[in-house]
Structures are given as structure tokens and as C-alpha cells.
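Q: Please take a close look at the cavities of this structure. What lines them, and what is the character of each lining?

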Amino acid sequence: MSSNGRAKDVSLREREEASRAYANGDFIEGAETYPPRWEAEAAAFRAGLGSRARLDLAYGPDPRQRFDLFLPEDAPRGLAIFFHGGYWMAFGRETWSHLAQGPLALGWAVAMPSYRLAPTARIAEMVEDAARATAAAAREVAGPVVLTGHSAGGHLAARLACAEAPVAPDLAARLLRCVPISPLSELEPLIPTAMNDTLRLDPTEAAAESPARAARRPTTAVTVHVGGQERPAFLWQARLLSEAWSCPWHVEPGRHHFDVIDALADPASRLVADLLGSGAVSRP
């Protein structure tokens, strides 16, 4: 195989099966329609927010080390940060702006960072980007900080909830909650996949960057969310993190990998309640 020997003795069939386990779009009807819809909704949201959308704020020298900050009408109650998905290889912050609507409606500022992608960066470097973006956004907004992210972004959010995450003590004390959505919490199963030709994961990095193998920071409460209609691999990944960290996990009935994130735009959703710690929601 073409991943330079990082997954030894993997047959073509094993490679295909491993890749199929994480091929979300192949099992979602109309999967190709989602990215254009996300882009349109995100652009309309930014335009409608006017001066309360502070765009393209730098947290590092690379063009992808930027974040957008969306502000509520009054002084923020705190800061929510969303890390996008795309298997660490695709997308950027601009595709997901509309998902800020839920926390924003409840008075929270929302930051959405981009980060360097593979093959330019390794996953360990993306974790560093996530930490730097969080620190930069937290300097702009006072109060508690809560983290969420989807898929690969769920991995990044969970990594920052690890006890040994590259987060300064003063910022760590502000990280009250983390809600990884459909997170990749154990990276070793990705080594034999075709995508690893780009990710370049090896066993050492997979072990070091798998949240499920690390201790959770005791002061950061975690609730894992996942869609009930997701690939079995993602249900396993979500439950694994829940068991490793002795934290709750919630399976959202009827939701697949592409629409489980929609609840972030709904201030009355269980997802937003778990993220903000508001407790009461209008429906289970």
C-alpha cells in the first residue's frame, strides 16, 4: 500500500473494509447536496449579522490560522468554540457559521476557527492550532469557555479536554464543558484506511492523539453526542470515549453524520443545553 509501511501487512480487502467503515457520505441519501447548502446558509448568516461578525482574526502566521467571532447583542455570557470536521483534510470555518445561531441566541459569543490540514500538517499540529485558536478567542471574550466540534473537530474538542492538552492553566480553568459531536476518539482504526495516505498517521501518533487513551481534565465536564443513524464505527467511537472518560453520551434518534450538527443552530436543542449547561430544553 502507499502509506509508506505505516500499516504493515494490510491486505487490499482489509484496506477497503477499513475505509468503508468511515465512508459517511456513501450511506447518506443526497450527501452531495449538503456542502452547498451549508455554504449558502453560512454566508447568509454572516451577512445578516453585520458588525457582530468579526471575521478572519489571526491566531498564527499561516493563512488557515484564522477564526471568526460572532457576538450576541449584549455582553457575552461566555464563549463557545466550534471546530469543524472534514477528516482533518477538508473544509474551513466559513462553511459552518450558521451553526453559531443556538448559543448566540442565548447570549454566548461563538468562535469558529480554521486550522491547518493534512497533508501540510500532522494531527498533532492541528491540536496545537486548536489550542492556539482557543487561547486567542478567549482573550477576546471574558467568562467561561465551552468547546464543541464535529467528527475530526470533535476529536480536536476532546483533545483540548484532555488533562495533558497544550492549554495554559489559566485557560484550562475556564474550559468548563466540552461536547464532542460524532468524535474520532481512537485513531488507530484509521491507519489502514485510504485516507491515511494523506493523514500519515502512525501507531505512535495515533496513540498520543487519541482522546480515549488519555485522561480527561477533571474540571471540564464532557457529554458526547452522536447520531443514531451514523456508521457503526462512529457509534463505537462515541461510546468508547464515554466509557473511557466515565461521561454521558447521547444518541440522537434518526440523525446521521451530516445532520446531527443541525441542533447547534437551535437554542432549544439538547445539544445546545449540554454545551452551555443551561439544563432545561423544550424537548428530549
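A: A cavity here is a set of grid points where a 1.4 Å probe fits but cannot get out. Its volume is the space filled by probe spheres set on those points. The model is predicted.

The structure holds two cavities of 30 Å³ or more. Start with the second largest. Its volume is about 40 Å³. Asn24, Phe27 and Ile28 contribute to the lining of this second largest cavity, together with Gln229, Glu230, Arg231, His256 and His257. By class, the lining of the second largest cavity has two nonpolar, four polar and two charged residues.

Now the largest cavity. Its volume is about 40 Å³. The lining of the largest cavity includes Ala80, Ile81, Phe82, Leu99, Ala100 and Pro103. Val110, Met112, Thr148, Leu264 and Leu275 also line the largest cavity. Two elements give two or more residues each to this lining: strand S3 (79–83) and strand S4 (109–113). S3 supplies the largest share, three residues. The lining of the largest cavity divides into ten nonpolar residues, one polar and no charged. Thr148 is the polar one, because Thr is not listed among the nonpolar or charged types.

Set the two linings side by side. Charged residues number two in the lining of the second largest cavity. The lining of the largest cavity has no charged residues. Glu230 and Arg231 are the charged pair in the second largest cavity, because Glu and Arg count as charged. Phe27 and Ile28 are its nonpolar residues, because Phe and Ile count as nonpolar.

Methods:
Residues are numbered from 1 along each chain as its sequence is written. This is a predicted model: local features need pLDDT of at least 70, side-chain atom pairs count only at pLDDT 80 or more; totals for chains, interfaces and linings use all residues. Side-chain values use heavy atoms; hydrogens and water are left out. On a 1 Å grid over the protein atoms alone, a cavity is a set of points where a 1.4 Å probe fits but cannot get out, and a pocket is an open set with protein on both sides within 12 Å along at least five of seven lines; lining residues have an atom within 4 Å of a point. Helices (H or I, at least four residues) and strands (E, at least two) are DSSP runs, numbered from the N terminus.
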